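Visitor: Could we go through this model together, one topic at a time? I shall ask briefly and follow up where needed.

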Amino acid sequence: MGSPLNGTRIAVIGHRSADLDGVAAAIPDAFATSIAFDENLSYEFAEFAAVVLAISAHEGAPNTLIKAWEEIAEFQVPRIIVVTKIDEPEADFDEAVLIARRMFGEGVTPYLVLHDEEGKPCAFIDLESLNIRDYSSGSVLIKPSDEDHRVLVQEFREEYLEAIADLDGSRFATGLFVPIIPFSHTFHLGEVELTSYLNEVLEG
């Protein structure tokens, strides 16, 4: 976390169980990143270019985050929900998405998690392009999905496309589109995707 470009400030908030340090470490030095835990959320959120709310796919999220989320939404600050620790044995990304939507009343999943033969997360499927974002080699490799994958995610894709139908390419920067993305600091999963969304606020 070095010198920010144009003083662009990013808030990373959540419970201590959600690996906020890992999320913050993935944010490029072009941003000034601040971390705040749910018991100490005293920010003026309107001063931030974007807010990253982290919840654990294992432990879930506390209700103390709801009030902060409502304040952030009121200012239409660009915001993203990052579901962390998807590599843990008891982690459930899909369940975490349902919890997030129930708590915060919004959120769209652009990616679903794919697992290797050992059950570890190794790739995402992009619901817009239907490409596979394969992280098994240590860096992201984009490749086409197969028919089985496309059939498996069809309903999720229809839901996603409906959610973005009236939004342009820089939809995150508007504050009207709230992505929920999977993340693992251990395996570096989701870091590229998080950065891509945050870069929209620089480009805007």
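Visitor: By about how much of the helix are arginine 150 and glutamate 147 separated in H4?

Guide: They are separated by about one helical turn, because they stand 3 residues apart in helix H4 (residues 147-152). Helices here are DSSP runs of H or I with at least four residues, strands are runs of E with at least two, and both are numbered from the N terminus. Please note that this is a predicted model, in which local features need pLDDT of at least 70 and side-chain atom pairs count only at pLDDT 80 or more, while totals for chains, interfaces and linings use all residues. Residues are numbered from 1 along each chain as its sequence is written, and side-chain values use heavy atoms, with hydrogens and water left out.

Visitor: What do the side chains of arginine 150 and glutamate 147 meet in?

Guide: They meet in a salt bridge, at 3.2 Å from N to O. The term requires a side-chain nitrogen of Lys or Arg within 4 Å of a carboxyl oxygen of Asp or Glu. Arginine 150 is partly exposed at 32% relative accessibility, and glutamate 147 is likewise partly exposed, at 47%. Buried means under 20% relative accessible area, exposed over 50%, and partly exposed in between, with a 1.4 Å probe and protein chains only.

Visitor: How many salt bridges does a search of the whole structure find?

Guide: The search finds 10. One of them joins glutamate 59 and lysine 85, whose closest N and O atoms are 3.2 Å apart. That pair links distant parts of the chain, 26 residues apart: glutamate 59 is in the loop between S3 and H2, and lysine 85 is in the loop between S4 and H3.

Visitor: Is each partner buried or partly exposed, glutamate 59 and lysine 85?

Guide: Glutamate 59 is partly exposed, with a relative accessible area of 42%, whereas lysine 85 counts as buried at 17%. Salt bridges with shared partners also join Glu59, Lys85 and Glu88 into one network.

Visitor: Now the sheet. In what order do the strands run?

Guide: The order is S2-S1-S3-S4-S9, an open sheet of 5 strands with parallel pairing. Two strands pair if DSSP finds at least two bridges between them. The edge strands, each pairing on one side only, are S2 (32-37) and S9 (180-182). On average, neighbouring strands are turned by 25° against each other, direction ignored. Such axes are lines fitted to C-alpha atoms, for helices over the stretch in contact, and angles run from 0 to 180 degrees between N-to-C directions.

Visitor: How many bridges join S1 and S2?

Guide: Strand S1 (residues 9-14) and S2 pair over 6 bridges in the parallel sense. Valine 12 has isoleucine 35 in S2 as its bridge partner.

Visitor: Which strands does helix H2 touch?

Guide: Helix H2 (residues 65-74) packs on the sheet and touches S1, S3 (50-56) and S4 (79-84), its direction making about 150° with that of S4. Contact means heavy atoms within 4.5 Å. Helix H3 (residues 93-104) also packs on the sheet, touching S3, S4 and S9, and its direction makes about 155° with that of S9.

Visitor: One residue to finish: where does threonine 84 lie?

Guide: Threonine 84 lies in strand S4 and counts as buried, at 0% relative accessibility. Its side chain reaches the backbone oxygen of alanine 18 at 2.8 Å. Leaving aside residues up to four places away in sequence, threonine 84 touches several others, including Asp19, Val23, Ser56 and Phe183.

Methods:
A polar contact is a pair of N or O atoms within 3.5 Å; within protein, one must be able to donate a hydrogen and the other to accept it, and residues adjacent in sequence count only if both atoms are side-chain atoms.
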